[in-house]
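Trainee: Could we go through this structure together, one question at a time?

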Amino acid sequence: MKVAISMWNGRVAPVFDVSQRCLLISPEDDTHSSACVSFIGDSCAEKAEFLAGHGVHTLICGAISSEYEESLLAEGIETVSFIAGPVDSVLEAWKKETLVATDFSMPGCGCPRRRCRRRRHGGALHL
């Protein structure tokens, strides 16, 4: 399953809703091959369908509205939101499973794990 990181100027895009590009990472092998792609369409449904069509299971992003997040969840895509920082550093932290460190928390986000709203874990929707 692939991971996507929404991006802008080499950093995690501050707001997913208006981001235009993402980095797709395939973790199937040790190299974690990646490709930078542009979204086709701007609506929440179009972005969710685009990511699902590329086999994305997890989206790492900055802020995200509930409307966009719900569209992603409907496609079976988990969001790790309110992440900030250079894409390369975020990718390295994700590979090492240290992304939840406060080093990558968006400024002003009081939630240490950035899971402030509903998230899907193991197929169940938790509140």
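Mentor: Happy to; here are some questions and answers about a predicted model.

Trainee: Which residues of helix 1 are buried?

Mentor: Let's start with where they sit. The buried residues cover an arc of only 160° around the axis, so they are on the same side of helix 1. Among the elements covering them are strand 1, strand 3 and helix 2. The buried residues of helix 1, which spans residues 44-53, are Cys 44, Lys 47, Ala 48, Phe 50 and Leu 51.

Trainee: Is Leu 72 buried or exposed?

Mentor: Leu 72 belongs to helix 2. Setting aside neighbours within four places in sequence, Leu 72 has contacts that include Phe 16, Ala 48, Leu 51 and Ile 77. Buried means under 20% relative accessible area. Leu 72 has a relative accessibility of 1%, so the word for Leu 72 is buried.

Trainee: How far apart in sequence are the parts that the pair of Phe 16 and Phe 39 ties together?

Mentor: Nice one! The structure holds three aromatic pairs. Phe 16 and Phe 39 form an edge-to-face pair, with 5.7 Å from centre to centre and 90° between the planes. Because Phe 16 lies in the loop between strand 2 and strand 3 while Phe 39 lies in the loop between strand 4 and helix 1, the pair ties together parts whose separation in sequence is 23 residues.

Trainee: Phe 16 also pairs with Tyr 68, so where does Tyr 68 lie?

Mentor: Phe 16 and Tyr 68 make an edge-to-face pair too, at 6.0 Å centre to centre and 85° between the planes. The pair links distant parts of the chain, 52 residues apart: Phe 16 is in the loop between strand 2 and strand 3, and Tyr 68 is in helix 2.

Trainee: Which residue has its charged end over the ring of Phe 16?

Mentor: We have met this residue already, among the buried residues of helix 1. Its charged end also sits over the ring of Phe 39, 4.9 Å from the centre of that ring. Over the ring of Phe 16, at 4.8 Å from its centre, sits the charged end of Lys 47.

Trainee: Which residue does Lys 95 meet in a salt bridge?

Mentor: There is one salt bridge in the structure, and its N to O distance is 3.4 Å. Lys 95 and its partner are three residues apart in helix 3, so about one helical turn separates them. Lys 95 is partly exposed at 32% relative accessibility, and the partner is partly exposed at 36%. The partner of Lys 95 is Glu 92.

Conventions
Residues numbered from 1 in each chain as written. Predicted model: local features only at pLDDT ≥ 70, side-chain atom pairs only at ≥ 80, totals over all residues. Heavy atoms only, no water. Buried < 20%, exposed > 50% of the residue type's maximum accessible area, 1.4 Å probe, protein only. Helix = DSSP H or I, 4+ residues; strand = E, 2+ residues; numbered from the N terminus. Arc of directions from axis to C-beta. Contact = heavy atoms within 4.5 Å. Salt bridge = Lys/Arg side-chain N within 4 Å of Asp/Glu carboxyl O. Phe/Tyr/Trp six-rings, centres within 6.5 Å; stacked < 30°, edge-to-face > 60°. Lys NZ or Arg CZ within 6 Å of the ring centre and 35° of its normal.
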